[in-house]
Amino acid sequence: FTMHGIVMIFFFLIPSIPAVIGNFLVPIMVGARDVAFPRLNLMSWYVFMTGGLLGLGAILFGGVDTGWTFYTPYSSIYSNSNVTVAVVAAFLAGFSSIMTALNFIVTIQKMRAPGLTWFRLPLFIWAMYATSLIIALGTPVVAMTLVMIFVERFLHFGIFDPALGGDPVLFQHLFWFYSHPAVYIMILPGMGVISELISCFSKRRVYGYKFVAFSSLAIAGIGFFVWGHHLFVSSQSVYAGMIFSFLTFFVAIPTAIKILNWIMTLHKGSVSLASPMLYAFGFIGLFTIGGMTGLFLSTLATDIHLHDTYFVVAHFHYVMVGGGVMGFLGALHFWWPKITGRLYSEGWAKCA
């Protein structure tokens with residue numbers, strides 16, 4: 001279970017659309033020949049592959065038993081599994097993401113073609129810009145947190161272990177300060193893809209372009225203020241929980257704006273059901289279920305009973321698979337001819 005979480009989150013969902021699809025599309029969509037720092041881009045790939053190989057090595061040599069969240073003090077003191085290797089692997093993956101994010105921010109800010117103003121940019125670029133801001137601001141926090149696990153594990157400094165004078169809840173705050181915005185790292189690029197798919201296969205511009213564009217930035221900004229909803233059953237005060245609950249409901253507003261505007265685009269458009277559009281429909285349906293189940297977890301009264309149950313697991317997978325994976329597959333199908341110069345069988349694509 002731990003390695004499933006580590007591989008899928010750190011080595012697939014977080015880099016899939018931002019790094020894979022983004023590296024191909026961002027320069028093309030802004031009219032640049034390449035990203036701002038090509039060598040940094042190459043270095044990020046080497047760092048990512050090194051982290052990936054270490055992560056796979058942790059599986060081959062006994063696995064990790066802490067859960068993908070590396071909760072302390074078990075991960076920092078008591079676990080006898082390959083925690084150190086997995087932590088280093090996740091750290092390298094995060095470092096790779098930071099380099100990619102900085103590249104995209106500079107490329108979008110400084111390398112747009114003449115006349116390509118902000119409100120002429122494709123909505124995918126707005127989503128990638130917001131995602132890159134989250135990565136650049138949030139990933140250093142989890143990187144430092146992983147380093148602190150390493151330090152406590154080998155030097156026995158009292159950071160998280162109560163027996164050494166540390167505080168395990170501090171780890172939860174630091175971890176979720178990054179890891180909840182990381183949900184939007186996985187989802188925002190998919191939302192950008194869906195905006196492009198719906199616009200193309202409805203044969204009209206997305207309804208309320210500016211609202212959809214700014215909602216990406218709103219999600220990125222508000223996402224940094226909601227991490228406390230993961231700590232409703234911890235030692236966090238009830239008043240702090242109430243504030244985090246309110247903010248979590250508030251972050252749903254820009255998400256709802258996107259879905260409403262997509263539906264309005266479909267309503268006014270001439271819709272064709274090509275295979276990428278089917279992934280867009282899948283995204284809207286599954287992600288809406290994921291978002292609605294999130295409201296139960298945003299409410300103190302219900303989260304206390306649902307915390308650490310399979311309701312949370314289901315909610316998370318509706319968001320990640322219904323959002324991140326559907327967006328990735330939709331993008332892969334939509335831009336496959338441009339990436340490879342070859343068409344795929346539409347019939348087989350719909351069957352798959």
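Modeller: Let's start with an open space: the second largest pocket holds about 220 Å³. Keep in mind that this is a predicted model.

Biologist: Happy to. Which residues lie nearest the centre of that second largest pocket?

Modeller: Pro15, Ala19, Asn23, Ser96 and Thr100 do, out of 19 lining residues. At least two lining residues come from each of H1, helix H2 (38–60), H4 and H5.

Biologist: Which helix gives the most to the lining of this pocket?

Modeller: H1 does, with six residues.

Biologist: And how do the lining residues of the second largest pocket divide into nonpolar, polar and charged?

Modeller: Eleven are nonpolar and eight are polar, with no charged residue in the lining.

Biologist: Now for closed spaces. How many cavities of 30 Å³ or more does a search of the whole structure find?

Modeller: One. The space in this largest cavity is about 90 Å³. Its lining includes Phe10 and Ile14, Phe91 and Gly94, and also Thr139, Leu146 and Tyr178. Two or more lining residues come from each of helix H1 (2–30), helix H4 (83–110) and helix H5 (123–155).

Biologist: Which helix gives the most here, and how many residues is that?

Modeller: H4, with five. As for character, the cavity lining has nine nonpolar residues, three polar ones and no charged ones.

Biologist: Let me turn to H5. Why would one compare its length with the number of its residues?

Modeller: The general idea is to work out the span to be expected at 1.5 Å a residue and set it against the model. For the 33 residues of H5 that gives 48 Å, and the end C-alpha atoms are 47 Å apart, so the two agree.

Biologist: Where in H5 does a kink lie?

Modeller: At glycine 138, shortly before proline 140, and the kink is about 35°. Just after H5 comes histidine 156, with a positive phi near 60°.

Biologist: I also noticed threonine 131 in helix H5. Is threonine 131 buried or exposed?

Modeller: Buried means under 20% relative accessible area. Threonine 131 has 1% relative accessibility, so it counts as buried.

Biologist: What lies 2.7 Å from a polar atom of the side chain of threonine 131?

Modeller: The backbone oxygen of alanine 127. Here is the general idea behind such a pairing: an α-helix has 3.6 residues a turn, so residues three or four places apart point the same way.

Notes:
Residues numbered from 1 in each chain as written. Predicted model: local features only at pLDDT ≥ 70, side-chain atom pairs only at ≥ 80, totals over all residues. Heavy atoms only, no water. 1 Å grid on protein atoms, 1.4 Å probe; cavity = no way out; pocket = protein on both sides within 12 Å on 5 of 7 lines; lining within 4 Å. Points joined across faces, edges and corners; volume = space filled by probe spheres on them. Helix = DSSP H or I, 4+ residues; strand = E, 2+ residues; numbered from the N terminus. Nonpolar A, V, L, I, M, F, W, Y, C, P; charged D, E, K, R; others polar. Expected span 1.5 Å × (residues − 1). Bend = angle between axes of the 7 residues up to and from the residue. Buried < 20%, exposed > 50% of the residue type's maximum accessible area, 1.4 Å probe, protein only. Polar contact = N/O pair within 3.5 Å; in protein donor to acceptor, adjacent residues only side chain to side chain.
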